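Q: Pick one spot in this structure and walk me through it in close detail. After that, carry on to whatever else is worth a look, and spell out the cut-offs as you go.

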Amino acid sequence: MRSRMSRLITLFAACAALASNAHAQQTQPTATLAVSRLVATETTGAPVLITVQIDRTVDQDLPILLDLVGGSAVPGDDFMPPDAPPVIPAGATSASIEVRIRDDDQREGDETIAIALVPGMGYQVGMPRLLTILIRDDDANQDDLRERFERLIANTPDPLIASQIETLGRLCANDTPAQGSELAQRCSRLRLALIDPEAARRLVDSLRGLVAEELSSQRRGFRMLANGQLGGISRRLEAVRQGGGRGLSLSGLSYAGNALPLDNLGENDSDPGGGLLGRGLGIFVTGNLGRGDRSTTDLEAGFETDSRSVLIGIDKRFGSSWVAGAALGYSRFEAELDADAGDLDLDLSSFTAYASYSFGDGWIDGSVGIGRGDLTQIRNVVFETTTDEDTVVSIDVLRATPDADLTSASLSGGWSFRSGQWSFGPRLAIEYANLEVERYAERVVSGSDSFAVEIARQELRSLLARVGFGVSAAISTQHAVLVPQLELYHVMQLEDDVEPLRGRFINDPAAQVFSIPTSAVDDRNGEVSVGLSAVFANGRSAFLSYRRQFGVDNIEQSFWSVGARFEF
């Protein structure tokens with residue numbers, strides 16, 4: 001009986017001891033392992049940070065045991081281990097130590113450091129308990145680097161990006177960049193890309209859009225400039241045609257200044273207009289303000305545009321049917337790329353000759369013009385690369401100043417049906433513009449010229465057909481004839497020249513030509529304009545109008561116009 005009782009006591013004591021140990025372990029914190037990065041190169045100056053974390057605080061300092069002798073890297077030769085294990089202070093939950101990577105001149109391939117948590121007093125080992133750091137060998141010889149370089153280019157499907165990588169490689173090989181310079185940083189990123197496939201992928205990603213989207217969006221700006229110039233010319237010709245304040249032939253309007261309506265003003269050559277018109281020779285001035293917005297697409301960066309122009313000229317009425325004149329113009333076009341990617345400014349001087357012929361209730365207008373401009377293009381190239389150590393962002397400001405030539409011509413006509421003071425009818429216009437931008441090469445303003453380009457001569461043609469309907473009313477007052485007007489057009493782009501940009505990097509000694517695709521031309525859209533004209537005695541007139549495009553993919557564009565004319 002006593003023997004059986006003794007065995008029961010012994011078993012109870014053993015169970016109590018096991019329960020005590022289990023309770024002690026449950027009250028101990030659990031330690032886990034983390035590192036600042038898993039890949040490091042031999043040339044790195046930044047140490048690898050090893051951090052040990054516990055899931056609860058402790059009342060006294062807690063040393064954590066680590067094992068760093070696993071892996072193929074040799075302590076002391078390939079890396080310098082810490083002098084002491086990490087110690088988590090009382091009341092804290094983490095502690096860190098540094099492992100420094102050593103550089104050597106031996107071609108030994110990539111090596112690894114295995115870091116393991118070792119069980120110790122006062123803590124449990126959690127997950128992860130084992131991590132491996134990869135040390136990239138940077139001692140490949142020139143033949144190895146050249147082979148890797150060629151492989152990187154061959155595995156880059158985008159020819160433009162491949163050309164950028166090749167240009168950067170030539171700069172790094174032929175020019176010794178100054179230590180700490182932006183070019184030296186880019187060369188170090190390229191060297192890392194030749195060693196680490198993941199770094200190569202990040203390099204390729206960072207090069208996307210450095211050239212293509214910015215330049216193709218500027219080509220879009222050129223086209224908007226050409227069409228805007230045409231718009232100003234066509235609006236002036238409508239002024240010639242319709243008379244009223246913009247007016248040169250006031251056919252069909254009435255004037256009640258003498259309390260008697262006068263229909264078909266200007267048909268009496270001996271006294272055209274009965275005092276409403278002047279002697280037929282006049283000077284005019286017209287100003288235009290434009291605003292546009294282009295959304296970002298897969299091929300083009302977005303941008304905002306501002307334009308302003310002034311047209312000053314002289315014209316002469318010949319009888320009741322003909323008006324002919326000429327004008328000098330100045331235009332300023334500004335486009336600012338989204339995300340501060342750059343801007344485009346063009347100052348354009350132009351000369352335009354025009355004529356208008358009226359017959360019955362119909363008319364035909366025509367014009368020809370030439371222009372010469374000075375273009376200033378700024379491109380802010382943001383180059384960002386990320387490694388396991390840091391992120392480097394550099395900005396190159398590149399500038400180009402090509403000349404541009406604009407030729408234009410237009411032919412329009414229409415017919416009006418009259419009902420009392422109302423006039424309405426169809427409209428048709430053909431407008432042509434040809435903008436030539438000379439070949440240009442970018443020059444560095446600040447940063448590096450690693451990605452400066454030379455772009456071949458560009459020619460942008462625009463042939464627009466406008467089919468629409470207009471309505472206006474002549475309202476006689478004591479001092480003037482007021483003519484509110486509304487016009488609605490369907491606009492068709494007949495010149496669909498979706499041509500790629502061709503160029504090369506100026507630092508590429510092989511002069512390899514790249515091609516940049518551009519977006520399709522917006523070939524169908526609408527346009528609406530509203531205006532108010534006022535015709536005063538003796539041929540004086542003024543007008544104000546607003547014109548807006550609609551239905552254009554990714555583009556919003558509108559114009560305000562104001563002008564005056566004086567006869568003498």
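A: Let's start with glutamate 454, which is found in strand E23 (residues 453–455); strands here are DSSP runs of E with at least two residues, helices are runs of H or I with at least four, and both are numbered from the N terminus. The model is predicted, so local features need pLDDT of at least 70 and side-chain atom pairs count only at pLDDT 80 or more, while totals for chains, interfaces and linings use all residues. Residues are numbered from 1 along each chain as its sequence is written, and side-chain values use heavy atoms, with hydrogens and water left out.

Glutamate 454 is buried, because its relative accessible area is 18% (buried means under 20%, exposed over 50%, partly exposed in between, with a 1.4 Å probe and protein chains only). Its side chain has a partner: a polar contact of 3.2 Å joins it to the side chain of arginine 439. That term stands for a pair of N or O atoms within 3.5 Å; within protein, one must be able to donate a hydrogen and the other to accept it, and residues adjacent in sequence count only if both atoms are side-chain atoms. Leaving out residues up to four places away in sequence, glutamate 454 touches Arg439, Tyr440, Ala441, Arg502, Gly503, Arg504 and Ile506 (contact means heavy atoms within 4.5 Å).

Now for a proline. Proline 484 lies in strand E26 (residues 481–493) and is partly exposed, with a relative accessible area of 31%. Its C-alpha atom is 4.4 Å from that of leucine 532, although the two are 48 residues apart along the chain. Leu532 also turns up among the residues that proline 484 touches, including Gly531 and Val471. Another proline, number 128, sits in the loop between strand E10 (124–125) and strand E11 (130–136), and the peptide bond leading to it from methionine 127 is cis, with omega near 0°. For context, most peptide bonds are trans.

On to the rings. The structure holds seven aromatic pairs; rings of Phe, Tyr and Trp (its six-membered ring) pair if their centres lie within 6.5 Å, and planes under 30 degrees apart count as stacked, over 60 as edge-to-face and the rest as tilted. Tryptophan 322 and tyrosine 357 make a tilted pair, because their centres are 4.7 Å apart and their planes at 40°. This pair links distant parts of the chain, strand E14 (residues 322–337) for tryptophan 322 and strand E15 (residues 342–359) for tyrosine 357, 35 residues apart. Tyrosine 357 also pairs with phenylalanine 359, with centres 5.9 Å apart and planes at 25°, so that pair is stacked. Tryptophan 322 is partly exposed at 43% relative accessibility, as are tyrosine 357 at 30% and phenylalanine 359 at 32%. Together with Trp415, these three form one aromatic cluster.

How far can you trust it? The protein averages a pLDDT of 75, and 72% of the residues score at least 70 (pLDDT is the predictor's confidence in each residue, from 0 to 100). Residues 1–24 have pLDDT below 50 and zero contacts beyond near neighbours in sequence, whereas residues 240–278, also below 50, have 114 such contacts. Where pLDDT is low, the predicted coordinates should not be read in detail.
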